[in-house]
Amino acid sequence: MYPDDRILVIDFGSQTTQLIARRVRELHVYSEIKPCTASLEEIKAFGAKGIILSGGPASVYDEGAPTIPREVFELGVPVLGICYGMQLMTFILGGKVEESSKREYGPADLTILDTEDLFYGLNTSRKYRVWMSHGDRVEELAPGFESIAKSENSPYASVRNKEKSLFGVQFHPEVAHTEIGREVLANFVLRICKCEPTWTMRSFIDRVVEEVRAKVSPEEKVICALSGGIDSTVTAVLVHKAIGDRLVCIFVNNGLLRKGEVESVLNLMRSLGLNVRYVDASERFLERLKGVTDPEKKRLIIGHTFIEIFEEEAKKVGRVTYLAQGTLYPDVIESVSFKGPSATIKTHHNVGALPERMKLKLIEPLRELFKDEVREIAKELGLPEDIIYRQPFPGPGLAIRILGEVTKERLEILREADAIVLEEMKKSGWYRKVWQSFAVLLPVRSVGVMGDFRTYEYVIAIRCVDSVDAMTADWTRLPYDILARLSNRIINEVRGVNRVVYDISSKPPATIEWE
Ligand code: XMP
């Protein structure tokens with residue numbers, strides 16, 4: 001059901017493979033990633049108009065180095081090898097790759113020798129800044145190849161076999177530091193592969209709505225767990241467009257949400273016309289969490305309780321056959337990638353066991369999308385900015401931001417402190433610049449003095465990080481005046497807190513959440 005004109009990205013384990021596919025989609029051409037272990041039949045069946053081979057950490061000389069069948073270069077579709085992809089292409093087609101123990105990492109100046117195709121529209125009389133990250137390099141071209149760009153370090157910074165339409169670049173066009181990255185990929189995808197740029201979010205919405213309508217028969221119902229986040233909201237709105245009130249959304253208040261969140265989520269869902277069942281289960285969650293201090297135990301209890309409540313509610317809905325979920329493309333590829341399942345998948349997926357337990361089929365309308373595409377869809381659907389630019393919030397909520405036991409009193413304190421952090425971040429314009437910003441309650445008491453009185457109260461830690469994917473993160477260098485305001489307001493306005501600290505740990509080795 002996807003556009004005929006599409007690009008296949010074959011993954012050799014580079015950290016930037018996903019970026020390649022995203023950049024192609026930004027050109028409005030659909031692209032998918034397959035691991036390099038995909039069979040030739042699978043590659044052929046995908047029917048790409050062009051193939052991009054990603055980079056990767058291996059050397060073609062490594063034992064068991066990832067490779068692909070030679071036939072990939074004989075399918076009659078253009079191929080672009082990036083970094084390892086270019087070395088592998090050279091190696092398979094009879095050229096020589098020089099093994100190197102040194103890595104070239106960082107910017108390099110590229111001189112273009114030919115502007116006929118890959119470098120169309122660029123200039124041979126100036127140098128362009130490109131990003132390199134490689135160990136080995138091409139030493140001798142494979143038969144039929146010529147050099148079309150060079151850098152100081154490498155006479156073969158880009159190569160071409162014109163007759164077979166095979167291309168290689170030693171640099172990474174997908175990263176932002178390569179100033180001509182977009183041009184190179186656009187030339188490959190639009191000019192060389194001749195793809196029509198028809199992949200737009202508008203067309204995606206229409207297609208998905210039609211698909212869901214065709215899939216769910218008139219007597220069937222779909223349920224969806226709403227969290228108030230962008231993924232579940234967009235999923236619900238899309239499915240609702242297709243089947244109306246046969247979609248029943250379930251919103252569970254686990255008592256671990258932020259200040260004012262229940263009301264704002266409910267208002268939004270109702271304004272969107274969704275059919276929502278609201279369940280206030282906060283007492284049940286808090287009861288089960290009594291005396292529990294171990295972080296993973298907290299997660300499990302919250303996950304199980306959620307499933308239990310969700311099942312109870314679903315039973316009341318009638319004949320439910322489908323569960324709609326906001327799974328995104330990175331979750332899908334992480335599980336098939338050459339690298340194997342990524343370490344980001346902890347016990348995060350609270351509803352992971354649901355479909356099997358309840359014998360439900362899945363509807364995952366966002367399965368092919370990256371986060372920024374979901375944001376675009378949200379804009380198309382007219383969702384409020386508040387949702388579109390909302391920072392991630394963990395399923396177990398404030399429970400993993402209260403170290404040790406979760407109690408009503410602690411939740412109350414953390415909610416107030418957290419609300420101040422959010423308010424000040426939004427007021428100062430920093431909320432959207434950072435990945436996440438929130439308060440954490442440390443259940444240790446320290447001594448303070450307020451007026452003439454000695455105090456002995458909790459500590460609030462402020463956590464604020466920059467990140468692109470939550471795999472790694474650095475603490476945000478927030479201006480002192482914002483930190484001062486946060487500290488003043490929290491200590492003055494939140495009863496039970498007399499000290500505020502700022503978390504200056506990066507991930508790794510620390511994680512973003514404290515538990
Ligand atoms: P960590 O703490 O592992 O967090 O650096 C990485 C990202 O994942 C979020 N996170 C969770 N999300 N359930 C969730 O739905 C969880 O149990 C969970 N733990 C962490 C965290 O907020 C950050 O964005």
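Q: In which helix is Gln-18 found?
A: In this predicted model, the secondary structure comprises 15 helices and 20 strands. Gln-18 belongs to the helix that covers residues 17–26. That helix is α1.

Q: Is Gln-18 buried, partly exposed or exposed?
A: The relative accessible area of Gln-18 is 27%. Buried requires a value under 20%, and exposed requires one over 50%. With 27%, Gln-18 is therefore partly exposed.

Q: Which residues does Gln-18 contact, leaving aside its neighbours within four places in sequence?
A: Contact here requires heavy atoms within 4.5 Å. With neighbours within four places in sequence left aside, the contacts of Gln-18 are Ile-33, Pro-330, Ile-333 and Phe-370.

Q: What distance separates the C-alpha atoms of Gln-18 and Thr-111?
A: Along the chain, Gln-18 and Thr-111 are 93 residues apart. In space, their C-alpha atoms are separated by 27 Å.

Q: Where is Leu-93 found, and is this residue buried or exposed?
A: Leu-93 is found in the loop that runs between α3 and β5. Its relative accessible area is 15%. As the cut-off for burial is under 20%, Leu-93 is buried.

Q: What is the separation between the C-alpha atoms of Leu-93 and Ile-223?
A: Leu-93 has contacts beyond its neighbours within four places in sequence, including Arg-70, Phe-73 and Leu-166. Ile-223 lies 130 residues from Leu-93 along the chain. The C-alpha atoms of Leu-93 and Ile-223 are separated by 52 Å.

Q: With which side chain does the side chain of Arg-160 make a polar contact?
A: Arg-160 is located in strand β10, residues 158–161. Its relative accessibility is 1%, so Arg-160 counts as buried. Residues touching Arg-160 include Glu-116, Asp-117 and Glu-146. The polar contact of its side chain, at 2.8 Å, is with the side chain of Asp-114.

Q: Which backbone nitrogen does the side chain of Asn-161 reach?
A: Asn-161 also has its place in strand β10, and at 6% relative accessibility it counts as buried. Beyond its neighbours within four places in sequence, Asn-161 is in contact with Pro-143, Gly-144, Phe-145 and Leu-166. At 3.2 Å, the side chain of Asn-161 reaches the backbone nitrogen of Lys-164.

Q: What is the phi of Cys-83?
A: Most residues other than glycine have a negative phi. Cys-83 is not a glycine, yet its phi is positive. The residue lies in the loop between β4 and α3, and it counts as buried at 4% relative accessibility. Its phi is about 55°.

Q: Where is Ser-165 placed, and what is its phi?
A: Ser-165 has its place in the loop between β10 and β11. At 19% relative accessibility, Ser-165 counts as buried, the cut-off being under 20%. Phi is positive in this residue other than glycine, with a value near 60°.

Q: Which peptide bonds involving Pro-508 are cis, and what are their omega values?
A: Most peptide bonds are trans. Pro-508 lies in the segment after β20, where Pro-509 is also placed. A cis peptide bond joins Lys-507 and Pro-508, with omega about -15°. The peptide bond from Pro-508 to Pro-509 is likewise cis, with omega near 5°.

Q: Why is the protein described as being as compact as a globular protein of its length?
A: The C-alpha atoms fill a box of roughly 80 × 65 × 40 Å along the principal axes. For 515 residues, the globule rule gives a radius of gyration of 24 Å. The protein is as compact as a globular protein of that length because its own radius of gyration is close to that value, at 26 Å.

Q: What percentage of the contacts with a separation of 6 or more joins residues 24 or more positions apart?
A: Of the 515 residues in the protein, 56% are buried. Among contacts with a separation of 6 or more, the share from residues 24 or more positions apart is 75%.

Q: How far apart do the centres of the positive and negative side chains lie?
A: The accessible surface of the protein comes to about 23,200 Å², and carbon and sulfur atoms contribute 50% of that area. The protein has 69 positive and 74 negative side chains. The centres of the two sets lie apart by 4 Å.

Note on methods:
Residues are numbered from 1 along each chain as its sequence is written. This is a predicted model: local features need pLDDT of at least 70, side-chain atom pairs count only at pLDDT 80 or more; totals for chains, interfaces and linings use all residues. Side-chain values use heavy atoms; hydrogens and water are left out. Helices (H or I, at least four residues) and strands (E, at least two) are DSSP runs, numbered from the N terminus. The radius of gyration is taken over C-alpha atoms; the globule rule is 2.2 Å times the number of residues to the power 0.38. Buried means under 20% relative accessible area, exposed over 50%, partly exposed in between (1.4 Å probe, protein chains only). Accessible areas come from the Shrake-Rupley method with a 1.4 Å probe; for residues, only the protein chains shown count as cover. Lys and Arg count as positive and Asp and Glu as negative; His and the chain ends are not counted. The place of a charge is taken as NZ of Lys, CZ of Arg, CG of Asp or CD of Glu. A polar contact is a pair of N or O atoms within 3.5 Å; within protein, one must be able to donate a hydrogen and the other to accept it, and residues adjacent in sequence count only if both atoms are side-chain atoms.
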